[in-house]
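I begin these entries with one residue and its surroundings, and then widen the view to the whole chain.

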Amino acid sequence: IDYRVASPSGSLLSSDLNAGSIQLGNVTIPATGGWQSWQTVSQTVTLNAGTYSVGIFAQQAGWNINWFRITRL
């Protein structure tokens, strides 16, 4: 999963599936230099085939998200 994020001082997000029933883990958001200074951070996860609802949760405040992308390796 790629996340396009911005943060003046860094932060933390987590992702999950199906309203938290499957935890995908935490991702550290680096200090990017400002609220609109975007950087892409990545997280590798392994999933079984199926249909899921994706959730992104702000573990800590202080960041923006522009987009996220899920790709198959």
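Entry one: a single residue. I note at the outset that this is a predicted model. I looked up what I29 touches, setting aside its neighbours within four places in sequence. I found I29 in contact with V5, S7, G10, S11, L12, L13 and W63.

Entry two: the core. I next asked which residues make up the largest nonpolar core. It has 10 residues in all, and I29 is one of them. V5, L13 and W63, which I had listed as contacts of I29, belong to this core too. The other members are I1, Y3, L17, L24, V27 and V41. I then checked which elements give two or more residues to this core, and recorded β1 (2-6), β2 and β3. The largest share, three residues, comes from β3.

Entry three: the sheet. I looked up how β3 is placed among its partners. Three strands form an open sheet, and I wrote down their order as β3-β2-β5, with antiparallel pairing. I recorded β3 (22-29) and β5 (54-58) as the edge strands, since each pairs on one side only. On average, neighbouring strands of this sheet are turned by 20° against each other, direction ignored. As background, I noted that strands of a sheet pair through backbone hydrogen bonds, either parallel or antiparallel.

Entry four: one pairing in detail. How many bridges join β2 to β3? I counted seven between strand β2 (residues 11-17) and β3, and the two run antiparallel. Within this pairing I located D16, which stands opposite Q23 in β3.

Entry five: the whole chain. I listed zero helices and six strands. From the N terminus on, the elements therefore read β-β-β-β-β-β. I also compared the radius of gyration with expectation: a compact globule of 73 residues would have a value near 11 Å, and the chain has 12 Å, which agrees. Along its principal axes, the C-alpha trace spans about 40 × 25 × 15 Å.

Entry six: contacts and surface. I took the contacts between residues at least 6 apart in sequence, and found that 67% of them join residues at least 24 apart. Buried residues make up 32% of the 73 residues in the chain. I recorded an exposed area of about 4700 Å² for the chain, of which carbon and sulfur atoms supply 48%.

Conventions:
Residues numbered from 1 in each chain as written. Predicted model: local features only at pLDDT ≥ 70, side-chain atom pairs only at ≥ 80, totals over all residues. Heavy atoms only, no water. Helix = DSSP H or I, 4+ residues; strand = E, 2+ residues; numbered from the N terminus. Rg over C-alpha atoms; globule rule 2.2 N^0.38 Å. Buried < 20%, exposed > 50% of the residue type's maximum accessible area, 1.4 Å probe, protein only. Contact = heavy atoms within 4.5 Å. Areas by Shrake-Rupley, 256 points an atom, 1.4 Å probe, with all protein chains shown as cover. Pairing = 2+ DSSP bridges. Axes fitted to C-alpha atoms, helices over the stretch in contact; angles between N-to-C directions. Core = buried A, V, L, I, M, F, W, Y, C linked by side-chain atoms within 4.5 Å.
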